[in-house]
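Dear colleague,

I am handing over the structure we spoke about, with a short account of what was found in it. Please have the sequence and the coordinates open as you read.

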Amino acid sequence: QVQLVESGGGLVQAGGSLGLSCAASGRTLSSFVMGWFRQAPGKEREFVAAVSENGGNIAYADSVKGRFSISRDNAKNTVYLRMNSLKPEDTAVYYCAAGVGGHYARGYAYWGQGTQVTVSS
């Protein structure tokens, strides 16, 4: 079992930045693809970014490409999401997830509880 805990969400003005962290316990993250997803009110959960087990392959949703950066530190069992140039449409609950990867939630077996990110205009 893997337990994931996100932190770092909050309220920020449009154009600002936030950094999210996802700390794991129970098992090492080094054997998992790690992903970030988000879910806005009334919308389905959507893929944001993913990073391969060793950090060598990274993928982003088109909506965040060039603004968000995913990284991982396997020694610290932690994954990060740096969000720059935030827009009101980035407002959502952000979840980290561990699994075999891909752009769909079904590729991830373990999920955190989520952290709220609110971007004001």
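The notes below take up one strand and its pairing partners, and then a single residue elsewhere.

Please keep in mind throughout that this is a predicted model.

The strand I would look at is β9, which spans residues 92-99. Seven of its eight residues are buried, so β9 is largely enclosed by the rest of the structure. Its pairing can be followed strand by strand: with β4 (residues 33-39), β9 pairs in the antiparallel sense over seven bridges, and within that pairing Y95 of β9 is the bridge partner of F37. Strand β11, made up of residues 115-120, also runs antiparallel to β9 and is joined to it by three bridges, with T115 of β11 standing opposite Y94. Strand β10 (residues 108-111) is likewise paired with β9 in the antiparallel sense, over three bridges, and here W111 in β10 is the bridge partner of A97.

The residue I would add to this is T78, which lies in strand β8, residues 78-83. Is T78 buried or exposed? Its relative accessible area is 10%, and because buried means under 20%, T78 counts as buried. As for its surroundings, leaving aside residues up to four places away in sequence, T78 touches S21, C22, A23, L29, R72 and D73. The side chain of T78 also reaches the backbone oxygen of K76, at 2.8 Å.

With best regards

Definitions and conventions
Residues numbered from 1 in each chain as written. Predicted model: local features only at pLDDT ≥ 70, side-chain atom pairs only at ≥ 80, totals over all residues. Heavy atoms only, no water. Buried < 20%, exposed > 50% of the residue type's maximum accessible area, 1.4 Å probe, protein only. Helix = DSSP H or I, 4+ residues; strand = E, 2+ residues; numbered from the N terminus. Pairing = 2+ DSSP bridges. Polar contact = N/O pair within 3.5 Å; in protein donor to acceptor, adjacent residues only side chain to side chain. Contact = heavy atoms within 4.5 Å.
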